[in-house]
Amino acid sequence: MSASVIISLVGLGISVCVNLISIGVFIGQMKGFRELIEYRFKSLETKQDKYNHLQERTIKNESSAASAHHRIDTLEQRLNANPN
């Protein structure tokens, strides 16, 4: 074999190795990116659950406050009707 053929084959081997390493790095980065996205989704779901729970509590508090206002109004009406 001539020297140019050997050099070309060595260059081809090196090129293939570098490309395989590059593909491996790319796949590793994609895996890390996917894990990051999954983590962020879980974090957002947790925050959404807390927010939903807060809304439920707020609705209960508003209902309780409305009931208390109604009872106060009823008591005021009774007091105004009987000024003894």
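These legends accompany several views of a predicted model, from the whole chain to single residues.

**Figure 1. The whole chain, one helix and zero strands.** Let us start with the full view. The secondary structure of this chain comes to one helix, with zero strands beside that helix. The radius of gyration is 36 Å, well over the 12 Å that the globule rule gives for 84 residues, so the chain is more spread out than a compact globule. Along its principal axes, the C-alpha trace spans about 120 × 10 × 10 Å.

**Figure 2. The surface of the chain.** Here the eye can turn to what is covered and what is not. Of the 84 residues, 1% count as buried. The chain exposes about 7900 Å², and carbon and sulfur atoms supply 63% of that area. As for charge, the chain has 10 positive and 8 negative side chains. The centres of these two sets lie 6 Å apart.

**Figure 3. Arg34 and Glu38, joined by a salt bridge.** Side chains of opposite charge can pair when their charged atoms come close. In this view, the side chains of Arg34 and Glu38 meet at 3.5 Å, N to O. A search of the whole structure finds one salt bridge. Arg34 and Glu38 are four residues apart in helix α1, and therefore about one helical turn separates them. Both partners can be placed by their accessibility: Arg34 has a relative accessible area of 47% and is partly exposed, while Glu38, at 41%, is partly exposed too.

**Figure 4. Lys42 in helix α1.** This close-up centres on a lysine of the helix. Lys42 counts as exposed because its relative accessibility is 56%, where the cut-off for exposed is over 50%. For a sense of scale, look also at Asn19, 23 residues from Lys42 along the chain. The C-alpha atoms of Lys42 and Asn19 are separated by 35 Å.

**Figure 5. Lys50, an exposed residue of helix α1.** Lys50 is found in helix α1, which covers residues 3-81. With 61% relative accessibility, Lys50 counts as exposed. A companion residue to find in this view is His70, which lies 20 residues from Lys50 along the chain. Between the C-alpha atoms of Lys50 and His70 the separation is 30 Å.

**Figure 6. Asn82, in the segment after α1.** The last view moves past the helix. Asn82 lies in the segment that follows α1, and its relative accessibility of 54% makes Asn82 count as exposed. Looking back along the chain, Ala68 and Asn82 are 14 residues apart. Their C-alpha atoms are separated by 21 Å.

Terms used. Residues are numbered from 1 along each chain as its sequence is written. This is a predicted model: local features need pLDDT of at least 70, side-chain atom pairs count only at pLDDT 80 or more; totals for chains, interfaces and linings use all residues. Side-chain values use heavy atoms; hydrogens and water are left out. Helices (H or I, at least four residues) and strands (E, at least two) are DSSP runs, numbered from the N terminus. Buried means under 20% relative accessible area, exposed over 50%, partly exposed in between (1.4 Å probe, protein chains only). The radius of gyration is taken over C-alpha atoms; the globule rule is 2.2 Å times the number of residues to the power 0.38. Accessible areas come from the Shrake-Rupley method with a 1.4 Å probe; for residues, only the protein chains shown count as cover. Lys and Arg count as positive and Asp and Glu as negative; His and the chain ends are not counted. The place of a charge is taken as NZ of Lys, CZ of Arg, CG of Asp or CD of Glu. A salt bridge is a side-chain nitrogen of Lys or Arg within 4 Å of a carboxyl oxygen of Asp or Glu.
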